[in-house]
Amino acid sequence: MSNRSLERRESGFTRWFHKESTAGLIFSLPFIIGFLMFLLIPMALSLYYSFCKYDIQSPPTWIGLDNYIKIFTKDKTFSKALGVTVYFALIGTPLKVIFALIVALILNHETRAVGFYRATYYLPSIIGGSVAVAILWRRMFESNGTINAILSTIFPGMTGFNWFGEGPAIWVLIILTVWQFGSSMLIFLSSLKQIPMELYEAASIDGANGIKRFFHVTLPLLTPTIFFNLVQQTINSFLAFTQSKLITNGGPRDSTLFYTVYQYNKAFPALGKSQMGYASALAWIMLVIVSLVTFLLFKSRSKWVYDA
Amino acid sequence: MKTERKPWKEVLYHILVAAGALIMVYPLLWMVFSSFKPVDTILPTAKQLIPTEWTLRNYIQGWKGFMGYTFGTFFLNSFFISLTSTFGTLLSSSLVAYALQRLQFKGKKILFGLVLSTMMLPAQILMIPQFMWYRHLNWVGTYFPMILPYFFAIQGFFVYLIMNFIDGIPKDLDEAAKIDGCSYYVTFFRIILPLIVPALVTSAIFSFIWRWDDYLSALLYVNRASMRPISLALQLFNDPSSGSDIGSTLAMSTLSIVPATVLFLIFQKSLVEGIASTGIKG
């Protein structure tokens, strides 16, 4: 090969390398590889295993739809876990979003201390996902813990209430998730700041009082933000894992058995053989459920969200 | 909203909001103060916040750890995992964000859709699929599953956050660089990267805190006691069979939230803005 043709080839490569379309792909390469390697392949693999009996030790055997059929027809714990998760999402999410909205309205106030307040109300959200908080929560709600100690001071007769009984245990987890309303609150605060003053002034001139202004100006303009927080927090509560695993581990009598914890227990049981195929089917069902819920929320959007 | 208020109303406002703030942080204050109480007084004085008698015994006792490893090991492990994965996240996410925000190429729209879809695919759904795949790759028992994927921009949230930030940088700067003969690669490293530092700081803090708190991955992938990060170690330490007591557990729990709390206090402002502009989970 002559020197000249080598030179031409190099300049061809350089030109190709510096083209915008090439640069775009090269810059995107990390994501393309990451998406294939860490998302697509694992998902495809688990879809295949969801049609298999697979205990990790021995090779998987194809059983068709058996896992799915068993889940939907015979598995009582599946419906229990799904019920617990839906209950948690249905109560915890609205409470959290309402709390976030109320506190944001209160903190939307011109004072120098507001930065300090905002930070304090947000702090639980920043560290709420840690193991430390899970441990703390367990200790606080124990029958001889802080919560009961404080309650017995306020209500003298009330001592030794069992927070981890079958009824209240789920509420210990709901209180924990509502406590972390901080990030939704911050999103509300930033959209409150974007509402133009003129709208309030115009409403005042029309004779609207504070309550009317809230329901006719503030609330409609906040609906896109309410929607956003609702979608995000619903997905989050469907997928809560660490806190329920550590604080109640599903008990007592499966009354706090979150779907994700159930799935984990099937894949990595404390006793007996792993049921990876079964757990894969559970994961896929959850994916479909979460997508469906998100889809329904988006469908409902046009009914109540006000787009300016 | 700027409204004229009577002074007594202003005072009432501050009393109520401050009381609410106190209730919010009370559990954390209780943990911190209890960790300085003598261990046998923690539960009997549970409703008293400030210790009558202060002691460091819980910290000295707790730091000794269990199964032959001190908490120093667990903290170092957590720092190593959180720092390397955060570095990977920042590097890869900013490269991808630049491409998706500034460059025109085939398939860009699809890629952007996929990036957004990763925000809907949280770790809890992926835990079983990824575990099986990493097992095929022989990664179980190593730090690979907890570090390597983050070098490939798999968290759409960070790509999206940085994209929003790049959008705010005037395009004239890119154009000027192009006229000066800079390639896209040079433009990225010389022009864009220095300008997106604020977005990188916000991303770094969130990434660090999430990796630090990540209990699920540690549970799935760490087998050896010497490799345990703080999240897993703390959970095992909390079990009475490890020889711990409530005092040393609360002391080590308090220490474990120090990094996140300090980062939060220092960078409070940029975190708040980061959330306000992208809107994320918490």
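## Where the two chains meet

Two residues are in contact if their C-beta atoms, placed from the backbone, lie within 7 Å. With that in hand, we can look at how chains A and B meet in this predicted model. The contact draws 75 residues from chain A and 70 residues from chain B. On the chain B side, those residues divide into 47 nonpolar, 17 polar and six charged.

## A first look at chain B

Let us start with the overall build. Chain B contains 14 helices and zero strands, so reading from the N terminus you meet α elements from start to finish. Its C-alpha trace spans about 70 × 65 × 30 Å along the principal axes. Of its 282 residues, 45% count as buried.

How much of the contact in chain B, at a separation of 6 or more, comes from residues 24 or more positions apart? They account for 73% of those contacts.

## The two domains of chain B

The domain assignment splits chain B into domain 1, residues 7-63, and domain 2, residues 71-278. Their C-alpha centres lie 32 Å apart. The two domains do touch: twelve residues of domain 1 are in contact with ten residues of domain 2.

Which helices supply at least two residues each to the domain 1 side of this contact in chain B? They are helix H1 (7-34) and helix H2 (57-63). H2(B) gives the most, with five residues. By class, this side of domain 1 of chain B has seven nonpolar residues, five polar ones and no charged ones.

## A buried phenylalanine in chain B

Now zoom in on a single residue. B:Phe131 sits in helix H5 (residues 123-136) of chain B. Is B:Phe131 buried or exposed? It counts as buried, because 23 C-beta neighbours lie inside 10 Å, and the cut-off for being buried is 20 or more.

B:Phe131 can also be compared with B:Pro145, which is 14 residues away in sequence. In space, the C-alpha atoms of B:Phe131 and B:Pro145 are 8.7 Å apart.

## Chain A and its helix H5

Chain A also has two domains in its assignment: domain 1 (3-49) and domain 2 (67-304). The C-alpha centres of these chain A domains are 41 Å apart.

Helix H5 of chain A (residues 114-127) lets you try a small calculation. At 1.5 Å a residue, its 14 residues should span 20 Å, because the rise is multiplied by one less than the number of residues. The end C-alpha atoms of H5(A) are 21 Å apart, which agrees with the expected span. Where does H5(A) have a kink? The kink lies at A:Tyr121, shortly before the proline A:Pro124, and is about 30°. Both A:Tyr121 and A:Pro124 are buried, and other buried residues of H5(A) include A:Tyr117, A:Arg118 and A:Leu123.

## The largest nonpolar core

Finally, look for the largest nonpolar core, which has 151 residues. Those with the most contacts inside this core come from both chains: A:Trp137, A:Met185 and A:Phe258, together with B:Val96, B:Val159 and B:Ile162. Helix H4 (residues 76-107) of chain A gives the most to the core, with twelve residues.

A:Trp137 is a good place to pause. Which residues does A:Trp137 contact once its neighbours within four places in sequence are left aside? They are A:Val172, A:Leu176 and A:Ile247.

Conventions
Residues numbered from 1 in each chain as written. Chains lettered and ligands numbered in written order. Predicted model: local features only at pLDDT ≥ 70, side-chain atom pairs only at ≥ 80, totals over all residues. Helix = DSSP H or I, 4+ residues; strand = E, 2+ residues; numbered from the N terminus. Bend = angle between axes of the 7 residues up to and from the residue. Buried ≥ 20, exposed ≤ 12 C-beta atoms within 10 Å, placed from the backbone. Domains from an automatic or database assignment. Nonpolar A, V, L, I, M, F, W, Y, C, P; charged D, E, K, R; others polar. Core = buried A, V, L, I, M, F, W, Y, C linked by C-beta atoms within 7 Å.
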